Amino acid sequence: MAPLLEVNDLRTQIKLREGVVHAVDGVSFQLEPGETLGIVGESGCGKTMTALSIMNLLPTGGHIAGGSIKLNGQDLTSLSDEQMRNIRGNEIGMIFQDPLTSLNPTMTVGRQIAEAVSLHRDVSKEQAMDRAVEVLDLVGIPRVRERIKEYPHQFSGGMRQRVMIAMALACEPKLLIADEPTTALDVTIQKQILELIDDLRRRLGMAVILVTHDLGVIAGRADRVAVMYAGKISETTDTETLFERPRHPYTEALFQALPDKAAEAGERLYSIPGLPPDLVNPPTGCRFAARCRYAADRCREEEPQLLGEVAGHEFRCFYPVGPTERNEAGRLTAYNEAPTEAPIAGPGIGDVLLEVKHLVKDYPVTKGAVLQRRVGLLSAVADVNFAIRSGETFGLVGESGCGKSTIGKLVVGLEKPSGGSIDFEGKDLGKSTAREYRRERRNIQLMFQDSYASLDPRMRAGTLLREPLVIQHIGSKKAQLKRVDEMLDRVGLPRSAADRYPHEFSGGQRQRLGFARALMLQPELIVADEPVSALDVSIQAQVLNMMKSLQREFGLTYLFISHDLGVVRYLSDKIGVMYLGKLVEVGPAEEVYLRPAHPYTKGLLDSAPVADPETEKAKVSEGVRGELPSAIHPPSGCRFRTRCPLAQAICAEVEPPMRRFPGEGHLAACHFPLQTPVGDAVAPASSALPD
Amino acid sequence: MAMMPHADPAGPGTVIPEAPPAVSAAGQIQAKPRSMFRRGWEVFAENKLALAGLGFVIFVVLFCFVGPHIYSTPQATVQTQDYLCHPSGAHLLGCDELGYDIVGRLMVGGQNDIEVGLAAAFIACLFGSIYGAVSGFIGGTVDAFMMRIVDAILSIPFVFVLVVLARLFHPGTVELIGLIAVTYWPAPARLVRGETLTLRTREYVAAVKVAGGRNSRAVLRHVMPNAVGTIIVQATFAVADSIVILSSLGFLGFGIQLPSTDWGSMLSSGLNFIQQGGYWWLIYPAGLLIIATVVSFNFIGDALRDAFETRLQRR
């Protein structure tokens with residue numbers, strides 16, 4: 001069979017004022033009808049540009065400089081705009097990452113899809129609307145006839161992405177390009193959407209190009225994978241082979257940087273040193289050479305070609321990794337050099353440092369611009385109890401909107417609790433005077449998610465790092481500057497960085513800077529709110545490793561907030577799982593991960609994609625169904641009951657108490673837990689504390 | 001179809017490799033850091049129109065203030081013998097109906113335009129910025145009240161007010177500065193208030209609170225420096241706007257009174273003779289100067305906006 005799509009030596013360039021970016025530099029691949037090709041890589045590797053080149057939707061300054069894109073034998077690069085419009089949406093559908101900005105907020109959902117249909121088909125308004133109903137039904141929107149009259153903001157994130165898929169499918173395209181279709185969504189919704197795309201592909205016989213940075217997403221969904229690095233495909237083969245026997249050092253390094261596997265093996269993460277190359281002046285030779293642990297002189301002089309030893313497995317490397325090449329021992333020393341870690345010891349380590357008791361946070365919901373009437377209460381945090389011991393890492397996980405970030409803000413004092421208390425070293429933070437309060441700030445510091453937004457763009461890094469010391473009147477100017485230098489050393493930044501402005505750093509370096517600032521006051525507790533969620537896998541590994549080693553060095557305690565179960569498992573000693581303002585399960589990380597007691601925890605674990613095709617394909621559980629209910633009117637009884645497969649009548653009536661489960665301090669609030677409880681209901685105040 | 005380019009970690013905006021060229025792949029930071037001012041200037045200088053605008057503004061200032069010392073003409077008394085004389089060696093751009101030399105007249109008018117423009121813009125922006133910043137910081141009811149006052153002032157048609165006021169007393173330069181400033185300050189007030197509201201919620205302001213800092217520190221060290229760019233850019237546009245307002249007033253006959261003048265007044269009196277034909281030097285030089293000066297200030301403002309945007313500064 002002739003391939004549906006044939007991309008040959010595609011070169012896309014973007015003109016910027018500092019020069020021409022070679023965003024896609026000689027990419028070739030083929031796609032058969034009904035096949036799913038995964039394109040995976042870090043940000044800036046050219047994967048999105050490849051997708052946009054196929055659609056001819058390049059940003060300003062971008063143009064295809066060479067190569068061909070053949071769809072059913074027709075070269076798309078030679079088509080006029082008019083002819084291309086006919087292909088777009090008709091032959092090729094595309095889904096973008098953010099479904100809210102991709103939909104027109106002033107048009108009803110039904111009309112938008114009908115518009116897409118009438119652009120390409122000679123149909124009446126009614127027929128177009130009927131088609132809209134049909135495709136919306138296909139993507140699993142309930143009560144379609146009513147909902148087509150609604151506007152995009154009346155749909156939730158997951159539902160909006162379904163609408164986008166419906167729109168892309170309206171004209172039955174032969175090829176669907178999904179560019180990071182689930183990156184903005186929660187894992188539970190991500191699973192639903194990926195399953196939908198997979199299912200539709202099978203039913204409609206479409207080919208799919210799945211562009212993502214997430215190896216886990218690729219593992220379960222793609223037939224073949226192309227790994228991109230610096231504008232080129234570095235390795236391509238079928239999914240099973242790639243995950244089992246990666247040959248390119250970059251692919252191998254990506255796998256080793258995944259926290260899931262490291263957590264299982266109890267190893268330190270492998271972090272790829274350095275940063276991807278500048279695509280304005282790409283280096284000669286292999287583009288990965290500067291970061292490659294096996295690079296030899298040849299790699300820096302001569303560029304390797306995309307070749308394979310076996311048909312269907314090509315890679316761009318002179319010294320491929322894998323069982324047949326080079327000696328195994330020599331390779332691995334570079335990676336496993338971290339010594340086995342002894343538990344942290346020291347005075348006070350192991351004592352309860354932070355205790356959260358019956359913590360409640362409600363936000364008033366108001367209406368009206370001038371006279372703000374209160375029309376309801378949004379229950380962000382509802383009666384949460386947990387304790388963190390000195391020197392340990394407490395991971396807080398849950399979907400967006402579950403209240404985990406609110407807890408972080410309450411602990412660092414950016415928000416005031418509506419009820420309950422937060423005890424730090426046995427003292428209630430809410431009861432301290434303003435002066436005491438400012439002093440106590442020294443002990444609890446926050447590491448922000450977005451280091452770009454949290455660093456004042458008009459201050460040099462040195463001034464930013466010094467500021468906490470200036471505020472707290474600690475030391476002379478000379479001592480403060482000395483401490484800035486020391487801290488830069490600690491987080492692995494050169495001392496000259498002190499004279500730089502935040503925008504001159506890369507994402508990973510800025511996150512190091514943010515961490516350094518949090519450490520300046522020598523705090524005991526650091527609340528880290530999604531510190532690595534904006535970073536690429538390789539950079540994420542660098543930051544996680546740094547956090548882990550500095551925790552040992554300074555005896556730090558972390559409250560680590562993340563939506564990513566893999567990251568939380570890698571870093572945390574204890575995990576708390578939150579759902580809609582409630583802590584539903586808490587316990588030792590491995591215990592919660594391997595033997596979850598609460599159905600929500602189990603669903604969350606099943607939803608998270610794992611970078612292993614076999615595990616992914618063997619998954620039968622459907623994860624968590626449906627979507628997060630509103631926190632303004634949370635469900636009665638157990639808040640999870642509306643999405644729980646095990647829910648019964650009692651769940652709507654009685655709120656389940658926390659009960660003990662095997663494992664130290666393992667508690668869960670469920671009437672029908674997945675494990676056998678070992679104790680009766682415990683009083684919530686002491687619930688997070690083992691005896 | 002609603003297929004818009006989108007915000008995506010690997011989207012169009014981030015094609016530029018994550019590493020800024022100043023930071024090499026090894027994470028080593030090279031080259032000596034340049035000052036904020038220097039980098040701002042580099043961005044500014046990239047805008048050729050702004051450079052041209054800056055050059056023109058410098059030219060106009062020299063022309064108006066240094067010019068009279070080189071090209072000296074009687075501008076205090078009427079020279080009836082030169083009534084509407086044509087351009088010649090003695091009078092490069094001819095004379096007007098009172099016998100004043102046009103080039104000399106343009107210098108005198110330009111002095112007034114520039115003085116009024118700069119002073120009115122300065123006063124309006126200073127007062128407006130403080131007003132807006134206070135309103136934005138305090139927030140709540142105070143903010144609502146203060147902003148309603150601004151709305152009320154903005155709802156009055158300013159030309160009408162100025163005409164009435166200018167009728168009541170014969171305005172000199174100082175009065176005109178005051179009048180224009182009074183009508184203009186709500187614009188910067190609104191802008192700065194909006195800026196303050198967004199800056200207040202920035203994470204780096206939260207970071208000060210986390211470190212235990214007081215509000216005053218957040219405002220003085222973080223909110224203000226970040227709002228300064230907006231204020232300076234607004235001030236540049238305010239100069240251009242003030243010149244336009246003064247010219248409109250002059251055109252309506254309420255500008256600077258004889259024997260002094262301004263470009264708008266020159267246009268106005270020149271119009272009386274344009275129907276008779278031929279007296280182009282009465283309106284074109286003044287009109288073109290107004291347009292060119294205003295456009296130049298606007299170009300400068302545009303480039304300043306870019307220069308203050310740290311992200312555009314040489315990555």
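In which helix of chain A is the place of Gln161(A)? The residue belongs to helix H7 of chain A, which covers residues 157–169. The model in which it is found is a predicted one. Gln161(A) has 31 other C-beta atoms within 10 Å, and because 20 or more are enough for a residue to count as buried, Gln161(A) is buried. Its C-alpha atom lies 7.7 Å from that of Pro181(A), a residue 20 positions away in the sequence.

From this single residue the view may be widened to the whole of chain A. The secondary structure of this chain consists of 26 helices and 24 strands. Its radius of gyration is 27 Å, close to the 26 Å given by the globule rule for 691 residues, and chain A is therefore as compact as a globular protein of that length. Taken along the principal axes, the box filled by the C-alpha atoms of chain A is roughly 75 × 65 × 55 Å. Of the 691 residues in chain A, 52% are buried. Contacts that span the sequence can also be considered: among those in chain A between residues at least 6 apart, 67% join residues at least 24 apart.

Helix H11 of chain A, residues 249–256, illustrates burial at the level of an element. Of its 8 residues, 7 are buried, so the helix is largely enclosed by the rest of the structure. The buried residues are Pro249(A), Tyr250(A), Thr251(A), Glu252(A), Ala253(A), Leu254(A) and Gln256(A). Their cover includes helices H9 (215–221), H10 (239–244) and H21 (537–554) of chain A, together with strands E9 (224–229) and E10 (232–238).

Helix H19 of chain A, residues 477–490, contains Leu481(A). This leucine has 16 C-beta neighbours inside 10 Å and therefore counts as partly exposed. Between the C-alpha atoms of Leu481(A) and Leu210(A) there are 49 Å, and along the chain the two are 271 residues apart.

Two loop residues of chain A merit attention for their backbone. Most residues other than glycine have a negative phi. Arg143(A), which is not a glycine, nevertheless has a positive phi of about 45 degrees. This arginine sits in the loop between helix H5 (125–138) and helix H6 (144–147), and with 8 C-beta neighbours inside 10 Å it counts as exposed. Leu580(A) likewise is not a glycine and has a positive phi, of about 50 degrees. Leu580(A) is placed in the loop between strand E21 (574–579) and strand E22 (582–588), and it is buried, with 26 other C-beta atoms within 10 Å.

The account now turns to chain B. Two packed helices are described by the angle between their axes and the distance between the axes. Helix H4 (residues 102–138) and helix H8 (residues 186–200) of chain B pack at an angle of about 35 degrees, with 7 Å between their axes. The crossing of H4(B) past H8(B) is right-handed. Residues in this contact include Ala124(B), Gly128(B) and Gly132(B) from H4(B), and Ala189(B), Val192(B) and Arg193(B) from H8(B). By class, the contact comprises 12 nonpolar, 6 polar and 3 charged residues.

Helix H10 of chain B, residues 215–251, has a kink of about 40 degrees at Met224(B), shortly before the proline Pro225(B). Just after this helix, Gly253(B) adopts a positive phi of about 95 degrees.

Technical notes: Residues are numbered from 1 along each chain as its sequence is written. Chains are lettered from A and ligands numbered from 1 in the order in which they are written. This is a predicted model: local features need pLDDT of at least 70, side-chain atom pairs count only at pLDDT 80 or more; totals for chains, interfaces and linings use all residues. Helices (H or I, at least four residues) and strands (E, at least two) are DSSP runs, numbered from the N terminus. The radius of gyration is taken over C-alpha atoms; the globule rule is 2.2 Å times the number of residues to the power 0.38. A residue is buried if 20 or more other C-beta atoms lie within 10 Å of its own, exposed if 12 or fewer, and partly exposed in between; C-beta atoms are placed from the backbone. Two residues are in contact if their C-beta atoms, placed from the backbone, lie within 7 Å. The bend at a residue is the angle between axes fitted to the seven residues ending there and the seven starting there. Axes are lines fitted to C-alpha atoms, for helices over the stretch in contact, and angles run from 0 to 180 degrees between N-to-C directions. A crossing is left-handed if the near helix is turned anticlockwise from the far one by less than a right angle, and right-handed if clockwise. Ala, Val, Leu, Ile, Met, Phe, Trp, Tyr, Cys and Pro count as nonpolar, Asp, Glu, Lys and Arg as charged, and the others, Gly among them, as polar.
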